[in-house]
Amino acid sequence: MNIILFPFDRVEKGATIAIYCAGEISESFLSQLRAVNYCQVAWLVDRKFESREQQGNLVCLPPNLMDWQLPDQIIIASQAFKNEISEYLLGMGVAASKLIAIGDEQKIDVLDLIQARLSAAPAGYDWGAYYKSAELATQAQYQKFIKPILEQWEGELDYSNVLDFACGEGRIAELIQERCQNLRLIDANTKAVDFCRERFAKYQHVQVQCNAAGALPQADGSLSLIYSWDAMVHFSYKSLDFYLYEFNRVLQPQGYVLMHHSNLAALANKMRVFEQWNFNPAGRSLVSKEDVIFIAQHHGFEVVEQTLIDWECNDMDCISVLKKTAGTCG
């Protein structure tokens, strides 16, 4: 089953737009936009309308009654007549930059889309756009969430050999590196790793490594501290189990883990949640802080502190501080 996706990539968020051509495509666009607060459709224009009429917040009218200078952008919701409509609008003095026509690239197969969503893993997702927006929030998140924990555990945390796990583009590492004697950054995303290599090229004590999902490349007992921010929130229970085993293996005795993870499963009685991480708010996995306690203790960690934090929802995330007290368990 195919649908035509609204051109979110070409319409400015918050724009006030007009849709030209009332039909199946425009109905689909209106339905998609009702599901997300992205932009405002103020006008639906078509020759079948004989006069101006109001349908809720939507003004429906024929082309000759439309003031084409009012919309920020105009969506031509017809593939068959897009050329004719474009010529008409250009002839009415509309700037070409305001016109958005629908091409074949807007067609998507719903079953293919569902399958892609169901099979998507965090490591294979394209996080490029998110990294750019997250960079803007780095200082605020560091000051509010991370720095207080680092200060609280000052004297306990050993910064001699530190790992930033799933580092992304290194936004947190940029702030923590000055505390570290040796800092290793690791991520499965090759683009993020290349970005970090350039970003940290001036720091001799920072090393960057690409590692596909799987065992960590670090040697047993080689690290004093592991931290992870805004990444393991997407990890499934199974993935957390695997990596906490790995964290224990590569940490020295009494080493610490500071990990930011999901607490979404604890909210299941308040909201609809799914097993698949990318169906949930902010891509959170279906785990709770209690799950992390169980996994951590199984793998030889003491859970010394857990702090619930708000993200898109109250108490949706948690920061856990773990201390290695025993060797790895099977």
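**Exercise 1. The core and its elements**

Which residues have the most contacts inside the largest nonpolar core, and how many residues does this core have? Work from the coordinates above, bearing in mind that this is a predicted model.

*Solution.* Begin with the count: the largest nonpolar core has 38 residues, and those with the most contacts inside it are Val-11, Ile-17, Ile-19, Phe-29, Ile-75 and Leu-89. Next, assign the core to secondary structure: the elements that give two or more residues to it are strand S2, helix H1 (24-35), strand S3 (40-45), strand S5, strand S6, helix H2 and strand S7. Among these elements S3 supplies the largest share, with five residues. Then take one residue and trace its surroundings: when residues up to four places away in sequence are not counted, Ile-19 touches Ser-26, Phe-29, Leu-30, Val-41, Trp-43, Leu-44, Val-45, Ile-75 and Ala-77. Finally, look beyond this core: another core, of 31 residues, lies apart from it, and includes Trp-153, Leu-157, Leu-183 and Val-193. As general background, nonpolar side chains tend to be buried together in soluble globular proteins.

**Exercise 2. The six-stranded sheet**

Determine the strand order of the open sheet of six strands, and explain why one side of S4 and one side of S7 are left without a neighbour in the sheet.

*Solution.* Reading across the sheet gives the order S4-S5-S3-S2-S6-S7, and the pairing is mixed. Strand S4 (53-55) and strand S7 (99-101) stand at the edges and have a single partner strand each, so one side of each lacks a neighbour in the sheet. From one strand to the next, the twist averages 25 degrees. At the S4 edge, the pairing with strand S5 (residues 58-61) is antiparallel and extends over three bridges, and within it Gln-54 stands opposite Val-59 in S5. To place a helix against the sheet, follow helix H2 (residues 82-91), which lies across strand S2 (16-20), strand S6 (73-76) and S7, and runs at about 150 degrees to S6.

**Exercise 3. Salt bridges, distant and local**

How many salt bridges does a search of the whole structure find, and how many residues apart in sequence are Glu-135 and Arg-199? Contrast this pair with Glu-246 and Arg-249, which both lie in helix H8.

*Solution.* The search of the whole structure finds 11 salt bridges. In the bridge between Glu-135 and Arg-199 the closest N and O atoms are 2.7 Å apart. Since Glu-135 lies in helix H4 (residues 128-136) and Arg-199 in helix H7 (residues 190-199), the pair ties together parts that are 64 residues apart in sequence. Extending the view, Glu-135, Glu-174 and Arg-199 are linked in a network of salt bridges. The bridge between Glu-246 and Arg-249, at 2.8 Å from N to O, joins residues that are three places apart within H8 (residues 237-250), about one turn of the helix.

The last step concerns accessibility, for which the buried class requires a value under 20%. Glu-135, at 28% relative accessibility, counts as partly exposed, whereas Glu-246 is buried at 4% and Arg-249, at 18%, also counts as buried.

**Exercise 4. Aromatic pairs**

Why is the pair of Trp-153 and Tyr-256 classed as tilted, and where in the chain do these two residues lie?

*Solution.* A search of the whole structure finds 17 aromatic pairs. In the pair of Trp-153 and Tyr-256 the ring centres are 6.0 Å apart and the planes stand at 45 degrees, so the pair is tilted. Trp-153 belongs to the loop between H5 and S9 and Tyr-256 to strand S13 (residues 251-262), which places the two 103 residues apart. Trp-153 is buried, with a relative accessible area of 16%, and Tyr-256, at 3%, counts as buried. A second case is Phe-235 with Tyr-243, where centres 5.9 Å apart and planes at 45 degrees again give a tilted pair; both residues are buried. These two residues also belong to one aromatic cluster formed by Phe-165, Phe-235, Phe-242, Tyr-243 and Phe-247.

**Exercise 5. A residue in strand S15**

Is Ile-319 buried or exposed, and which residues is Ile-319 in contact with beyond its neighbours within four places in sequence?

*Solution.* Ile-319 is found in strand S15 (residues 317-324), and at 6% relative accessibility Ile-319 counts as buried. Its contacts beyond those sequence neighbours are Phe-145, Ile-149, Trp-229, Met-259, His-260, Glu-305, Gln-306, Thr-307 and Ile-309.

Terms used
Residues are numbered from 1 along each chain as its sequence is written. This is a predicted model: local features need pLDDT of at least 70, side-chain atom pairs count only at pLDDT 80 or more; totals for chains, interfaces and linings use all residues. Side-chain values use heavy atoms; hydrogens and water are left out. Two strands pair if DSSP finds at least two bridges between them. Helices (H or I, at least four residues) and strands (E, at least two) are DSSP runs, numbered from the N terminus. Axes are lines fitted to C-alpha atoms, for helices over the stretch in contact, and angles run from 0 to 180 degrees between N-to-C directions. Contact means heavy atoms within 4.5 Å. A nonpolar core is a set of buried Ala, Val, Leu, Ile, Met, Phe, Trp, Tyr and Cys residues joined through side-chain atoms within 4.5 Å. Buried means under 20% relative accessible area, exposed over 50%, partly exposed in between (1.4 Å probe, protein chains only). A salt bridge is a side-chain nitrogen of Lys or Arg within 4 Å of a carboxyl oxygen of Asp or Glu. Rings of Phe, Tyr and Trp (its six-membered ring) pair if their centres lie within 6.5 Å; planes under 30 degrees apart count as stacked, over 60 as edge-to-face and the rest as tilted.
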